[in-house]
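Colleague: I'm new to this one and would like a close look at a single part before I get lost in the rest. Could you put it up on the screen for me?

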Amino acid sequence: MPTLPLNWLNRCYMRTRALTLHETGLEAGRKLLPIPEVDQRVRLERGWVFHRLHWGDFRLRLFRQSGLDDWGQWLQEAHQVYCQAQLKGIHQQMLEMAEQFELQMAGRQRYWRHSQIEDWLPHFAEIAPYFQLLDRFEDLQLKVTDAMRALARLLADPEGCRHTFNQMLMEQQQARFKTFFDQLEAHPLTQDQRLACLTDEDNVLVLAGAGTGKTSTLCAKAAWLVEAGLAQPEEILILAYGKDASLELTQRLAAYTERQRSLRSANPSLSTKPLLATEPAAADNMYMDKAPDAAKSAALDKIKVSTFHAFGKELMDAIPGQKATVSPLATDARAMRRFVDDWLQSQFAELKSAKHLVIYAAYYLYPLQSEACFTGFPAYQRYVREQEVRTLAGERVKSYGELEIANTLFLLGIEYQYEPGYPHTHEVLNKPYRPDFYLPQLDIYLEHVGESDEQSKDAESRLYRQELEWKREVHAACGTTLICTYSHEAQEGLAALLEARLKAACRTQKRPWKELIQPRGPQTVLEQLQRQGQIGRLSQLLADCLSRFKESRLSLKDMQQSGDLSLEGRRLAAFAVLLEGLVKHYQQYLRLAGQMDFSDMIRVAWKSLAKDNFHSKTQHRFRYRYLLVDEFQDISPQRAELLKALKAADPSTSLFAVGDDWQAIYRFNGGDVRLTFNFAEHFGHTAQVVLGTTFRFNNRIAAVANRFVQSNPAQLPKTLQSLTSSNRAEIVLLAGQKEEVIGQALAAIQQENQQTEKSVSVMLLARMNRSEPDVSEWADSYPGLRLEFMTAHKAKGCEADYVILLDVVQGETGFPSNKPHDPLIDCFLADKEEFADAEERRLFYVALTRARRRVFIHTQRGEESVFVKELQRYKKEVLNWV
């Protein structure tokens, strides 16, 4: 227990009638009040009759008496001596820490990362509270320096101080590297691009709008890191999606190298002093960065630029005993399709798998929804007609229940007729009647009833029920047998129920069940599927889902055992069994061939990175200080895991991701825009920089495109400004036949550029390849125009003076496209966004922003897509020639 100094206690010892001062505290009556802590006060507050003694947290009222004022002064001095004794060692430690902090900040020349603050603060955890008592230290006549006050401010608000320091540092670096940023490209980098380069946070997310110089920023970042001495070229990894992008980045860096050499040879004074040493394991020590050394000059073409797939292969090849050979199936879609097709057909010859395949082909081949999802059975029938659902025998049916009945009869080998004419006559039969099914062997008619009495009461459904009652009256009047099945029974499966009712009918007619049926085997089912082209359809679905499953982290076992008894749930479980068999066969094939696909390489790569001995086993070839990633908005979860593993293998590694959530258009290929939306949740503390100046399109295109894409509130908000401006609307809506509209647009473009000597580029875009016109037909008529057709997806990264956007109408080939796809594929992709047509909207934004000067949008009167109708509300910004 802390005590008062004995020599002081001897000097000031005094006893009043109520109080006694001891070494360990103040005795008040029978209670001992402990000595106040160093951050508490002792003082005597004087009054006319009573004095109030403040003893730390305690308040004592005393009668005025002779010598009480002196005694109060002695108590204050005693407590001050006590506090000085308590703080002596801490004060000296604080002085030393403050001096070290002052040295660190005086010599610091690089960005202060969030992780460095987090690593640094725990060393002050015990002593930090004392830095908030500096005023008290001064009261106690203990020395307080400016460095101590600066450190106190940092400990009180580390993020605020870090931000202030980084802002000041980057202002200095802006001036230091001005010439470098001015001359790196043909045109000086924008302020936003420079800010992106100079921001050296643990993670940096650069939102690069269309035409804002994404590639320039990515390459400039790499060049600046080398120029500033923050990394050697070999310590930088740039990851791109495709070979074309990788090649473009490589060529840009090579051009930078030549440009810098030319500039420096012409003007040696351009060389810049590096910021700090670049040894591979360089890191801040407890208090300060390592002292700067001269960085080695190295060519930027030594920077590693790779696709994710190529990097995964290289990483695996570097691990002893882990050679990776890419399977031809991974690069040849047709070969993969043949592989799956051969496996699928072989399964019909195997007893165990054939049974499951027959069940899937009979009941789950089509992506049908439950009738409960629709308002009334007639609406459901319209939906089924759109799916073109056909039985194994080839009939086109009106419901899943009819499909299940027909295929059950087909598999049992029971002869049936679908929607035959009713041969009987009666006065009740006052209109044509075609029953759903007729079984001639039993002389029985089957009707599948789409709703029970408890279902919808709308007019369409009431009419449907009236029809059903009429059918029952007909059969009763004509003396024919009718068996009904109901949609609510189909939810639990009609096959067993139908078989039971037919067996009961056989007993009634005293006919042996076994004489009625002639079950059909798997080969018969296979032949029927081949005749209808369904084997190819199923093979393609399996091939698509195989690659997407391997990119995901889903469990096929969980899908099979989900317990979802809905039609969609049962279909997914049945499909998961098929896919599991294909995955096992595919992986066994790769293993026996000594091959891997790209998904395996990336998966094995990030798992290898997680091992403690990875860097030692690979001779530190993959120890990167900076990871630069292109087109981040389209990253898949598996590739994100690779980045996380690279960072975890060396915690000092910084991730610099460049992308644009407004242009995330590859969900179907495994991309997950949520990794951009929630970037910091996945990768840690992040600084976000927006490139807000577009070099491509004018302000009028920007106004429409920005407003259109941000109609979805989930998109990250940003403002995109244009360097060029126009005084007219530059989005034009045109209605009519496609050829007519193309001619109208091309004539307007030629008229506008008749005085221009240079050729003008015109990009014809559409949602689907099927919309492609014969460009050569127009090229002869407009020789001054360079015409090219692309799909909107293919046009990503391209630009032209003018864009003619074709077939922005309703339908499969329209924009947005409502082309049906099997919902099974969605199970292996990122969750769909809640906002309607979210990805189609971003794709439309991509199409709009390919044009430098003007966009013509083609539609058809009466068939305008929802996007056209939305643009028609942009009164001032869109010219409506419809």
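Colleague: Let's start with a ring and a charge: which residue has its charged end over the ring of Trp662, and how far is that end from the ring's centre?

Modeller: That's Lys718: its charged end sits over the ring of Trp662, 4.0 Å from the centre. Keep in mind that this is a predicted model. There's another case to look at, with Arg520 placing its charged end over the ring of Phe410, 4.3 Å from the ring's centre.

While we're on rings, the count of aromatic pairs comes to 31. One of them joins Phe180 and Phe181, an edge-to-face pair with 5.4 Å from centre to centre and 65 degrees between the planes. Phe180 is buried at 7% relative accessible area, and Phe181 is buried too, at 0%. Tyr360 and Tyr364 make another pair, with centres 6.4 Å apart; their planes meet at 45 degrees, so this one counts as tilted. Both of these residues are buried as well: Tyr360 has a relative accessibility of 1%, and Tyr364 has 12%. Rings can also join up in a group, and here ring pairs link Phe101, Trp112, Trp120, Phe124 and Phe165 into a cluster.

Now back to charges, this time with each other. Side chains of opposite charge can pair when their charged atoms come close. Searching the whole structure turns up 47 salt bridges. Take Arg252 and Glu248, whose side chains meet at 3.9 Å, N to O. They're four residues apart in helix 10 (residues 243-266), so about one helical turn separates them. Arg252 is partly exposed at 21% relative accessible area, and Glu248 is partly exposed at 38%.

Helix 19 (residues 494-509) has a pair with that kind of spacing: Lys503 and Glu499 lie four residues apart, about one turn of the helix. Their closest N and O atoms are 3.5 Å apart in a salt bridge. Lys503 is partly exposed, with 31% relative accessible area, and so is Glu499, with 26%.

The salt bridge between Glu580 and Lys557, with closest N and O atoms 3.2 Å apart, is a link between distant parts of the chain. Glu580 belongs to helix 24 (residues 567-593) and Lys557 to helix 23 (residues 556-560), and the two are 23 residues apart. Glu580 counts as buried at 14% relative accessibility, whereas Lys557 is partly exposed at 43%. Elsewhere, salt bridges with shared partners tie Arg728, Glu730, Glu752, Arg853 and Arg854 into one network.

Last stop, a sheet. It's an open one of six strands, paired in parallel, in the order 9-8-14-15-7-16. Strand 9 (304-307) and strand 16 (686-691) are the edges; each has a single partner strand, so one side of each has no neighbour in the sheet. From one strand to the next, the twist averages 15 degrees. Strand 7 (residues 203-208) pairs with strand 16 over six bridges, and Asn203 stands opposite Thr686 of strand 16. Helix 8 (residues 191-198) packs on the sheet, where it touches strand 7, strand 15 (654-659) and strand 16, and its direction makes about 160 degrees with that of strand 16. Helix 11 (residues 308-318) packs on the sheet as well, touching strand 8 (236-240), strand 9 and strand 14 (626-629); its direction makes about 110 degrees with that of strand 9.

Note on methods. Residues numbered from 1 in each chain as written. Predicted model: local features only at pLDDT ≥ 70, side-chain atom pairs only at ≥ 80, totals over all residues. Heavy atoms only, no water. Pairing = 2+ DSSP bridges. Axes fitted to C-alpha atoms, helices over the stretch in contact; angles between N-to-C directions. Contact = heavy atoms within 4.5 Å. Salt bridge = Lys/Arg side-chain N within 4 Å of Asp/Glu carboxyl O. Buried < 20%, exposed > 50% of the residue type's maximum accessible area, 1.4 Å probe, protein only. Phe/Tyr/Trp six-rings, centres within 6.5 Å; stacked < 30°, edge-to-face > 60°. Lys NZ or Arg CZ within 6 Å of the ring centre and 35° of its normal.
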